[in-house]
Amino acid sequence: MPRSTTPQTLNSEITISGHGLHGNRPCSVRLAPVATPSGLTFVHTPTGTEIPARADLAGDLVLATTLLKDGVRLQTIEHLLSALSGMEVEHLRIEVDAEELPILDGSAAPWVDAILQAGIRALAGRRRFMKITQPVEIRDGGRWIRALPFDGLRLRYVIDFPIPALGRQSRELSLTPDKYRRELGSARTFCLAQEVDQLRARGLALGGSLENAVVFGADGPLNDSLRYEDEAVRHKMLDLVGDLALLGAPLLGLVEAHAAGHAMHVALAKAILANPNCWEWTEEAEPANVRFFFQPLVSQPA
Ligand SMILES: [Zn+2]
């Protein structure tokens, strides 16, 4: 499936309910189509506060991505944003009746299913991409993330944990909606068993369980099975796709991340937005040789 060249919203509204990973409170999310391209806008329904999904409104990034505006916070938005961005639905009203979005099964798959059930509809106009023209890099000791010029959107991610059950994992892929759904969307969030008590003592992960997270002990996952052998690095890529949605427009570039997390993902988005000399607007989603030939000239790795 080629990447869409038109802005997209949903075809019909759909409501998803569940409970938050950290606060364990119930939450309903209504995804409502918009008539004109206007980006992704959250609405905290108890206060009526509208919060655009934009990097400059993101904060509190330790274990989830949070939007903050006018004293209202919306936590754990990244898996919904990832599903929307991965499926190229970039214009939507997202009504939320609590301060933390439902964790569902810990992946983006239930959100992807909801998007497919509601259907995707094209809006008038052309889709505009932010094309990286100069490298943008964020570094913090041995952890780093950078965006480099590239035709299309390609992600390369490395994680390296000092426990054998996780260890070093790396994965790379060029993103399309099909690949997002098959390769990243159902990878679940994860943590280390040794962290769980610490998290709970801080009032975090109160809604966490083996139903919505993979928990890695010294000898392997405590869950019955993994969805992918390298589910952890795939989930980090899922998170990255969600955090990059805070750019407010689809990206064209190669994004490489090494032992990064939400704070670095969002820092990269902020750095790109703050450096308009490092990117330019384009309506061309694919390089010419991919768009105009029936077969790619060179077979590309996934
Ligand atoms: Zn996540």
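**Packing of helices H5 and H6**

In this predicted model, the axes of H5 and H6 approach within 9 Å and cross at roughly 35°. The crossing in which H5 passes H6 is right-handed. On the H5 side, the contact is made by Asp239, Leu240, Asp243 and Leu244, and on the H6 side by His262, His265, Val266 and Ala269. By residue class, this contact of H5 with H6 comprises four nonpolar, two polar and two charged residues. The spacing of such contact residues is easier to read with helix geometry in mind: an α-helix has 3.6 residues a turn, so residues three or four places apart point the same way.

Helix H5 itself covers residues 231-244. Its 14 residues, at 1.5 Å a residue, should span 20 Å, and because the end C-alpha atoms of H5 are 20 Å apart, the expected and modelled lengths agree. H5 is also mostly covered, with 14 of its 14 residues buried.

On the partner helix, His262 deserves a closer look. This histidine lies in H6, which runs over residues 262-274. His262 counts as buried because 21 C-beta neighbours fall inside 10 Å, the cut-off for burial being 20 or more. Leaving aside residues up to four places away in sequence, His262 touches Leu61, Ala64, Thr65, Glu78, Asp239 and Asp243. Among them, Asp239 and Asp243 belong to the H5 side of the helix contact. As for Leu244 of H5, 18 residues from His262 along the chain, the C-alpha atoms of the two residues are separated by 9.9 Å.

How values were computed:
Residues are numbered from 1 along each chain as its sequence is written. This is a predicted model: local features need pLDDT of at least 70, side-chain atom pairs count only at pLDDT 80 or more; totals for chains, interfaces and linings use all residues. Helices (H or I, at least four residues) and strands (E, at least two) are DSSP runs, numbered from the N terminus. The expected span of a helix is 1.5 Å times one less than its number of residues. A residue is buried if 20 or more other C-beta atoms lie within 10 Å of its own, exposed if 12 or fewer, and partly exposed in between; C-beta atoms are placed from the backbone. Two residues are in contact if their C-beta atoms, placed from the backbone, lie within 7 Å. Axes are lines fitted to C-alpha atoms, for helices over the stretch in contact, and angles run from 0 to 180 degrees between N-to-C directions. A crossing is left-handed if the near helix is turned anticlockwise from the far one by less than a right angle, and right-handed if clockwise. Ala, Val, Leu, Ile, Met, Phe, Trp, Tyr, Cys and Pro count as nonpolar, Asp, Glu, Lys and Arg as charged, and the others, Gly among them, as polar.
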